[in-house]
Amino acid sequence: MRAHEAGALHGNDAAPTWLPYPADVNTLIDGLWSQTTRRNAEGAVEVGGVDVRRIAEEVGTPAFVLDEDDFRARAREFRDAFAEAFAPHAGADVYYAGKAFLCGAVARWVQEDGLGLDVCTGGELAVALRAGFPGERIALHGNNKSVAELRRALDAGVGRIVIDSLDEIDQVEAVAAELGVSAAVMLRVTTGVEAHTHEFIATAHEDQKFGLSLTGGAAFEAVRRTLEAEHLDLLGLHSHIGSQIFDTGGFEVAARRVLDLVAQVRTELGHSIDQLDLGGGFGVMYNTQHTPATPAALAAGIAGIVEKQCHELELEVPHVSFEPGRAIAGPSTQTLYSVGTVKDVRLGGPHHRVYVSVDGGMSDNVRTALYDADYSCLLTGRVSDAAPEVVRVVGKHCESGDIVVKDEYLPSDVQRGDLISVPVTGAYCYSLASNYNHVPRPPVVAVRGGEVRTLIRRETEEDLLGLDVG
């Protein structure tokens, strides 16, 4: 970790109090970069044995650079950690949350590494099916699934459909009856737990669109209706409390409330629920403020919570499943940009801010604007002996809120043509990418063993104009 007791007194006065002054502005901070990222003998950063300068030359910038070995190692680590923690009980499954980032290659990796796949739209389901992902290992989420999406899911034999409302019980029943099949379903329960995260990614409090309320009685009514439905097979209950969560405290409260419902169903309806999905939302390190737990620590902690609660309620520990997405995809990827304009803006008196403009922006990473997310960055095409300077990395879009990195130290000699990388952009960056200002979306390339492979090609102006039929 970078540390300097003088902190923000160095560089300029724009540094936030949490941002430590770097002893060496060229250092790759442990935890922020994928497992194969390092500086080579020439001072440039390489990933998967590939120099970022070569990537920029071959595919251009901006580009998402995905470390394949890192992604797959993280997926297997979650799979193994939860399997081991719940082995004394009914076991555990891990589903990769495809909304974080999904393409055909990623779907195949997830399949080969023994995880399930969680999708939440017909488009994500289409990617999974084209990649040959087995339907029985797919879970379909979504608060407003269309009839077409439900038909496709049931035709593909998806392993579970997560029902999100009382209305949807009738809808899934009707589609399953039409097709003459039994739909395996879980019910998403709103537990009322406030995850300590941004309002827009906290998903278990009462005042939001997801799930069936425990406190209002909708969750119990949903269980009753599902058990009565001829074409629905109730697998279990689902709970998700939010995203970017660093401890197991929220899971403890949520698990207790869901298991209370399991006990109520056993007592009042005479039915035993033996599957529980506790969602995902495990946090990652975007900068030095964040200290994520390891998969082993998360698995052990949650296993202890579930075991304790089941013992108190005299329940058998259910088969449990989890849905990490960000924690697998996020740290695997960095976004490589080229620097354009560098502008030192005087703010009055001694105050100033250095703006470093790059050739991407909110079209490839809207999270800073959408969630007030904090990112880090690093000069990756070379090393520098210049003094560190606090900068704000901004994009090329016609919005003052087009900020990629709010505050970070870069060498004060950063200039046009330099390459800089923003780490931990594998989750929700490409997935949320847009064509704002008619900017084509960047490519996603996988690097491994000194080779570069394009997973998603760069969009072109021809792609954009091809959609304009007016």
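Relative accessible area sorts residues into three classes: buried is under 20%, exposed is over 50%, and partly exposed lies in between (1.4 Å probe, protein chains only). By this scale N437, at 38% relative accessibility, is partly exposed. E314 is exposed, with a relative accessible area of 69%.

The model is predicted: local features need pLDDT of at least 70, side-chain atom pairs count only at pLDDT 80 or more, and totals for chains, interfaces and linings use all residues. Residues are numbered from 1 along each chain as its sequence is written, and side-chain values use heavy atoms, without hydrogens and water.

Both residues have backbone angles worth noting. Most residues other than glycine have a negative phi, and most peptide bonds are trans. Phi of E314 is positive, near 55°. Phi of N437 is also positive, near 60°. E314 sits in the loop between α9 and β13 (319–322). N437 falls in the loop between β19 (419–423) and β20 (444–448). Helices (H or I, at least four residues) and strands (E, at least two) are DSSP runs, numbered from the N terminus.

A cis peptide bond links T61 to P62, with omega about -5°. P62 belongs to the loop between α1 (52–59) and β4 (63–67).

α9 (295–313) also contributes to a pocket lining, as does α2 (68–85); each supplies at least two residues to the second largest pocket. α2 gives the most, with three residues. A pocket is an open set of points on a 1 Å grid over the protein atoms alone, where a 1.4 Å probe fits, with protein on both sides within 12 Å along at least five of seven lines; lining residues have an atom within 4 Å of a point.
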